Amino acid sequence: MSDKDYMGAAQLEFFRTKLQTLKEDILKHASETTEHLRENILVPDPADRATIEEEHALELRTRDRERKLLKKVEQALARIESGDYGWCEETGEPIGVSRLIARPTANLSLEAQERRELRQKLFGE
């Protein structure tokens, strides 16, 4: 693909749709979790009650990860609107379509992400 075709209108629309679908799914899961946690299940057996509480805790941890992902999705949608989507925030180089398909919220190229992770590992940042 030539440089002028990278992040053209068709690609931006593809990623906008992908991100909006992801956002809708996250919000739907959050709503389902809220409804699920409102259900009052009376279980006399302490072991069963502990199992239910552990399932609720797992569901809440999952929603917390999705809440963080939702913030990244919204930031990616904002980058599409501003024209910065698909470009590395550190180097200004293209992130790459294959990386964006795998991780549509990516804001760093693979090389820049690897450097950041290495710095974090070495310096505990």
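The questions and answers below go through the helices, single residues, pockets and annotated spans of a predicted model.

Residues are numbered from 1 along each chain as its sequence is written, and side-chain values use heavy atoms, with hydrogens and water left out. The model is predicted, so local features need pLDDT of at least 70 and side-chain atom pairs count only at pLDDT 80 or more, while totals for chains, interfaces and linings use all residues.

Reader: How far apart are the end C-alpha atoms of helix α1?
Author: Helices here are DSSP runs of H or I with at least four residues, strands are runs of E with at least two, and both are numbered from the N terminus. The expected span of a helix is 1.5 Å times one less than its number of residues. Helix α1 covers residues 9-38, 30 residues in total, so a span of 44 Å is expected. The end C-alpha atoms of α1 agree with this, at 43 Å.

Reader: What covers the buried residues of α1?
Author: Buried means under 20% relative accessible area, exposed means over 50%, and partly exposed lies in between (1.4 Å probe, protein chains only). In α1 the buried residues are Q11, L12, F15, R16, L19, I26 and T33. Contact means heavy atoms within 4.5 Å. The cover over the buried residues of α1 includes α2 (46-82) and α3.

Reader: What span should the 37 residues of α2 have?
Author: The rise used is 1.5 Å a residue, and the end C-alpha atoms of α2 are 54 Å apart. That agrees with the expected span, which is also 54 Å.

Reader: Which helix is included in what covers the buried residues of α2?
Author: The buried residues of α2 are I52, H56, E59, E66, L70, V73, A76, L77, R79 and I80. What covers them includes α1.

Reader: Which residue with a positive phi follows α2?
Author: The phi in question is near 90°. The residue that follows α2 with this value is G83.

Reader: Is M7 buried or exposed?
Author: M7 is found in the segment before α1. Its phi is near 55°, a positive value in a residue other than glycine. With a relative accessibility of 10%, M7 counts as buried.

Reader: How many C-alpha ångströms separate K71 and T105 in space?
Author: K71 is found in helix α2, and a relative accessible area of 54% makes K71 exposed. K71 and T105 are 34 residues apart in sequence. From C-alpha to C-alpha, their distance is 9.6 Å.

Reader: Which residues does S109 touch?
Author: S109 lies in the loop between α3 (97-102) and α4 (110-123). It is buried, because its relative accessible area is 3%. Leaving out residues up to four places away in sequence, S109 touches C88, T91, P94, I95 and R99.

Reader: Which residues does P94 touch?
Author: P94 is found in the loop between α2 and α3. Its relative accessible area is 39%, so P94 is partly exposed. Not counting residues up to four places away in sequence, P94 touches Y6, G86, W87 and S109.

Reader: Which element gives the largest share of the lining of the largest pocket?
Author: On a 1 Å grid over the protein atoms alone, a pocket is an open set of points where a 1.4 Å probe fits, with protein on both sides within 12 Å along at least five of seven lines; lining residues have an atom within 4 Å of a point. The largest pocket holds about 250 Å³ and is lined by 14 residues, of which K72, R103, T105, N107 and Q113 lie nearest its centre. The elements that give two or more residues to this lining are α2 and α4. The largest share, 5 residues, comes from α2.

Reader: Which residues lie closest to the centre of the second largest pocket?
Author: The second largest pocket has a volume of about 150 Å³. Its lining has 10 residues, and those closest to the centre are I41, R49, I52, E53 and H56.

Reader: Which residues does the UniProt annotation "zinc finger region: dksA C4-type" cover?
Author: The annotation comes from an unreviewed UniProt entry, and such annotations may be inferred rather than shown by experiment. The span it covers is 36% helix and 0% strand, with end C-alpha atoms 8 Å apart. The annotation covers residues 88-112.

Notes. Points joined across faces, edges and corners; volume = space filled by probe spheres on them.
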